[in-house]
Amino acid sequence: YMTKCGKMKKIISAIVVILVIVSFFAFKGKKSDENELVFWTLQLGTFDKYVNGVISEFERQNPDIKIKWVDVPYSEGEKRTLAALLTDNPPDLINLTPDFSAMAAQKNALYEIPKEYMADYPQAMYPSLSYNGKFFAIPFYLTSAITFVNDDLAKKAGISNYPKTYDEMFALAEKVKKSTGYFVEMPTINENDTLLKILNKYEITPDSGMQSTEAIRIFKRYKNLYQNNLIPKESLTQSHREALEKYMSGQIVFLQAGANFLNIVKENAPTIYETTSLTPQIVGSTGKYDFSLMNLIIPSKAKHKEAALKFAVFLTNKNNQLEFAKLTSVLPVNNEALADSYFKKSSTKEELARKISAEQIQNIGEGVKNSRNKKNIILLTNTALAEIMSGKADVEPTLVELNKKIDEFKE
């Protein structure tokens, strides 16, 4: 009996030891997961070698921090982020658009970025990265549209001096239509915040009011262009993708697009590519250029906020930004990287597109200010213009009503 008892004790002791060891490693593994910084990007899987390289170097410099990278399809980014923000364990660093980020900031769902971390980025971006005077995001990368010109169509229309402003460009609309049967441009003014960006180039903003003399003039101009068939009818309903198609099929003289679209033209419409010239973005009365930005946010419920901020700063330093820009057609958000000689070359069309785009960042206007009801304001403004252009509403009373509705949103 005693022998059996001894054997049982040994077996039980062995089991206890095994359970302790298993528990130890299970705990250790769990702890490791808890210490892992989770980083979400939007459709950057094509550049996995670059992203993994940046992560490896950061982990080498910061051995106490491990990063788990998850690449999310662009179309699912907002939906997944919204769901994640409602949990108690969201990703630590998320790549998003400023507009959606601003909505999250308005709901106090984001960690505030200390102002001292913003010194390396162009100040004109600050309104796009802040709400109520507080920063909610670190910029990640950006683009600034340039102007593609179909030289053959321009020549047929007798255009020798290419326009720099909207007034100069649309003054050519009738001439282009009569001489070529085509259009000067396809302004996709009902797409997202395109109209607000154009108005912003004239210092017309939701805060300044939408019923100024200048605002009335601009809304009337689009109505006249549309009613007189001087811009495509699709301008009211279609996006920049359709405008690109029109350009590649030789139906518009001027196209406002990012430098990255040049390769699409080259691959899909080589004849149009050969006759394409590149000039700076069309401007309004301010003479400032606009830009599109992607940023990085840290949820307020994130477990590793300080580490996430450290990694965001590392990801956007000069070297990493410059490397990313060379792999893509986007521009760096880092001031030092933007000043690099890489952006001063112009021996090819691709280099020229990059040079023009980078130069514009030195003269960008402040982005449209983030407000609590920005999406509603965009929808109201776009709807007002659509009704005016289609002849369903008169300009002045529509803008008066628009202003009232915007003021109600601001209250």
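A search of the whole structure finds 13 salt bridges, a salt bridge being a side-chain nitrogen of Lys or Arg within 4 Å of a carboxyl oxygen of Asp or Glu. The structure is a predicted model, in which local features need pLDDT of at least 70 and side-chain atom pairs count only at pLDDT 80 or more, while totals for chains, interfaces and linings use all residues. Residues are numbered from 1 along each chain as its sequence is written, and side-chain values use heavy atoms, with hydrogens and water left out.

One of these salt bridges joins E57 to R60, with the closest N and O atoms 2.7 Å apart. The two residues are three apart in helix α2 (residues 48-61), and are therefore separated by about one helical turn; helices (H or I, at least four residues) and strands (E, at least two) are DSSP runs, numbered from the N terminus. An α-helix has 3.6 residues a turn, so residues three or four places apart point the same way. E57 counts as partly exposed at 29% relative accessibility, whereas R60, at 58%, counts as exposed; here buried means under 20% relative accessible area, exposed over 50%, and partly exposed in between (1.4 Å probe, protein chains only).

A second salt bridge within a helix is formed by E359 and K355, whose closest N and O atoms are 2.9 Å apart. These residues are four apart in helix α16, which again places about one helical turn between them. E359 is partly exposed, with a relative accessible area of 46%, and K355 is partly exposed as well, with 21%.

Helix α16 (residues 349-360) also contains E351, which is buried yet has no salt bridge, the nearest side chain of opposite charge being R354 at 4.4 Å. For this purpose Lys and Arg count as positive and Asp and Glu as negative, with His and the chain ends not counted. Leaving aside its neighbours within four places in sequence, E351 is in contact (heavy atoms within 4.5 Å) with K345 and S346. K349 has its charged end over the ring of Y273, 4.6 Å from the ring centre; a charge is taken to sit over a ring if NZ of Lys or CZ of Arg is within 6 Å of the ring centre and within 35 degrees of the ring normal.

The salt bridge between D167 and R221, with its closest N and O atoms 2.4 Å apart, links distant parts of the chain, since D167 lies in helix α6 and R221 in helix α9, 54 residues apart. D167 counts as partly exposed at 36% relative accessibility, while R221 counts as buried at 12%. Both residues belong to a network of salt bridges that links D167, E214, R217 and R221. In addition, R221 lies over the face of Y222, at 5.7 Å from the ring centre.

Helix α9 (residues 213-227) has 15 residues, and its end C-alpha atoms are 21 Å apart, which agrees with the expected span of 21 Å, that span being 1.5 Å times one less than the number of residues. Among its buried residues are I218, F219, R221 and Y222. The helix is followed by N229, whose phi is positive, near 60 degrees.

In helix α10 (residues 240-248) the buried residues are A243, L244, K246, Y247 and M248, and what covers them includes β7 (146-150), β8, α11 (261-268), α12 (270-274) and β9 (276-279). Just after α10, G250 takes a positive phi of about 75 degrees.

Turning to the aromatic residues, the structure holds 15 aromatic pairs, where rings of Phe, Tyr and Trp (its six-membered ring) pair if their centres lie within 6.5 Å, and planes under 30 degrees apart count as stacked, over 60 as edge-to-face and the rest as tilted. The pair of Y126 and F135 is edge-to-face, because the ring centres are 5.0 Å apart and the planes stand at 80 degrees. Y126 is buried, with a relative accessible area of 15%, and F135 is buried, with 8%. Y162 and F254 form another edge-to-face pair, 6.2 Å centre to centre with 80 degrees between the planes. Y162 lies in the loop between α5 (151-156) and α6 (166-170) and F254 in strand β8 (residues 254-257), so this pair ties together parts that are 92 residues apart in sequence.
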